[in-house]
Amino acid sequence: MECEYGLKLLHITATHLNEKGGIPVVLDNLVSAQNGITGLTAKVLAVKKGVNQLANQFFYYIHELKEIEKFIIYYNPDVVVIHSVYYKEYYSISKILRKHKIKYLIEPHSAFCKAAQQKSYMKKYIANNTILRDFIKKAHGYIYLNNAEREKSVFDTINDIIVPNGIILDTKHIIAEQVAKDNSIFKLYFIGRFDLVAKGLYVLFDAIDILDKKRSNITIDFFGSGNSVEEQYIDNRISKLKNIKVHKMGAIYGEEKVERLSKYHAMILTSKYEGFPMTVLEALSYGKPCIVTEGTNVVDLVSENKLGIATTDDPEDIANSILRFKEEYFKCPKSYEDRCREMIAEQYNWSNIAQQSYDALMKIL
């Protein structure tokens, strides 16, 4: 597509707009960086009321369908990117876009992965083949966060592209060297929703049981929150441990998160499915290597660049990987800190990601 003025891009999201949500935080940074590129104009249209709308000049909130259509007609974007999948609003909005012959792409954020499709399988199967069928099938293409997510997807088109997440490199909390001097205890953390299945917490606690029996000198702190069943499950598993120190912490955000997580040696994530977990990028930006399972979709990133260790979702493998990595890490902790931060600075800063998105979109349009 040749545009004298470049490209007018519209992001649409039905996810709640608040500073704690994954997709809104990504869009907050992405759209700001995209508007810094010559020839690219980008806006975000939120169509479902959030907790706190992000204070971003490129964000708009419209709930009424007729007003949404007026906004789209007035802005007249060259292409629309719709974030996530299973929101009823997207059915009507996609009809408006097709009516006005505006191409749109879906960025599923892991929703198309086979493992994600198994969760609430029947509801998604019915939606995929009824109300959301045209929305999904008539998209110009899909945007995946990495090749692993694309390969695990149940849908594909000839116009699929890869646009990873980015992150702002924190430069105020380079204190890993202080922590690393204490190599008597290996300090791990998990952060995220306490979703026992999706985040693989069942298998992670089975691995912790194995480490407990081995009297491993390891601590693991869980930052996040869940429903009453999930919270109680974690409390019960922790109460049965005799040797290893494991703590359930609350959810943390902002400056407090950076300060507290900077004091650990590494992060662990055992998800059954992810798109491109921001928690991993955050950890790397703090100089923290990661222990990850296949479902996180970042095993290649971690393994090939020596940013931690990849393992299966078998509890024995997870436990052994933690022990192996503990020994490897303490041989040269500074090298891990440097590699992690350099990777973020070079490849995952928002300016680079915004340029990648612009180039990829222009190519398929």
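**View 1. Pro-315 counts as buried in this predicted model.** Its relative accessibility is 18%. The cut-off for buried is under 20%, so Pro-315 falls on the buried side. Pro-315 belongs to helix 14, which covers residues 315–329. Leaving out residues up to four places away in sequence, Pro-315 touches Val-203, Asp-206, Ala-207 and Ile-210. Look also for Asp-209. In sequence, Pro-315 and Asp-209 are 106 residues apart. In space, their C-alpha atoms are 8.9 Å apart.

**View 2. Phe-222 sits among the residues with the most contacts inside the largest nonpolar core.** This core has 89 residues. Phe-186, Tyr-189, Ile-208 and Val-246 are also on the list of residues with the most contacts inside it. Which residues does Phe-222 contact, leaving aside its neighbours within four places in sequence? Phe-190, Phe-194, Leu-201, Leu-204, Phe-205 and Ile-208 are among them. Val-246, His-247, Lys-248 and Met-249 are in contact with Phe-222 too. Another core, of 30 residues, lies apart from the largest one. Its members include Tyr-75, Val-80, Tyr-104 and Phe-112. A general tendency is worth recalling here: in soluble globular proteins, nonpolar side chains tend to be buried together.

**View 3. Strand 12 is covered on both faces.** The strand spans residues 290–293. Cys-290 and Val-292 lie on one side, and Ile-291 and Thr-293 on the other. Are these four residues buried or exposed? All are buried. The general pattern helps to read this view: in a regular strand the side chains alternate between the two faces of the sheet.

**View 4. Strand 12 pairs with strand 11 and with strand 13.** Strand 11, residues 266–269, pairs with strand 12 in the parallel sense over 3 bridges. Met-267 has Cys-290 of strand 12 as its bridge partner. Between these strands, the chain passes through helix 12, residues 278–285. That β-α-β crossover is right-handed. Strand 13, residues 308–311, also runs parallel to strand 12, and 4 bridges join the two. Here Thr-293 has Thr-311 of strand 13 as its bridge partner. The chain goes from strand 12 to strand 13 through helix 13, residues 299–304. This β-α-β crossover is right-handed as well.

**View 5. Cys-290 and Cys-340 are not joined by a disulfide.** A search of the whole structure finds 0 disulfides. For Cys-290, the nearest cysteine sulfur belongs to Cys-340, 6.5 Å away. Why is there no bond between this pair? The two sulfur atoms would have to be within 2.5 Å, so 6.5 Å is too far. Cys-290 is buried, with a relative accessible area of 0%. Cys-340 is also buried, at 0% relative accessibility.

**View 6. A salt bridge links Lys-152 and Glu-294.** The N to O distance is 3.6 Å. Lys-152 lies in the loop between helix 7 and strand 7, and Glu-294 in the loop between strand 12 and helix 13. The pair therefore ties together parts that are 142 residues apart in sequence. Lys-152 is partly exposed, at 23% relative accessible area. Glu-294 is partly exposed too, at 44%.

**View 7. Glu-256 and Arg-260 form a salt bridge within helix 11.** Their closest N and O atoms are 3.2 Å apart. Helix 11 covers residues 254–261. The two residues are 4 places apart, about one turn of the helix. Both ends are partly exposed: Glu-256 has a relative accessible area of 39%, and Arg-260 has 31%.

**View 8. Lys-331 and Glu-328 form another salt bridge.** Here the closest N and O atoms are 3.6 Å apart. Lys-331 is exposed, with 64% relative accessible area. Glu-328 is partly exposed, at 38%. How many salt bridges does a search of the whole structure find? It finds 18. Elsewhere, Lys-48, Lys-88 and Glu-89 are linked in a network of salt bridges.

**View 9. Glu-67 lies in helix 2.** This helix covers residues 65–75. Glu-67 is partly exposed, with a relative accessible area of 37%. Glu-67 and Glu-337 are 270 residues apart in sequence. Their C-alpha atoms are 49 Å apart in space.

How values were computed. Residues are numbered from 1 along each chain as its sequence is written. This is a predicted model: local features need pLDDT of at least 70, side-chain atom pairs count only at pLDDT 80 or more; totals for chains, interfaces and linings use all residues. Side-chain values use heavy atoms; hydrogens and water are left out. Buried means under 20% relative accessible area, exposed over 50%, partly exposed in between (1.4 Å probe, protein chains only). A nonpolar core is a set of buried Ala, Val, Leu, Ile, Met, Phe, Trp, Tyr and Cys residues joined through side-chain atoms within 4.5 Å. Contact means heavy atoms within 4.5 Å. Two strands pair if DSSP finds at least two bridges between them. A crossover is right-handed if, with the strands pointing away from the viewer, the path from the first strand over the helix to the second runs clockwise. A salt bridge is a side-chain nitrogen of Lys or Arg within 4 Å of a carboxyl oxygen of Asp or Glu.
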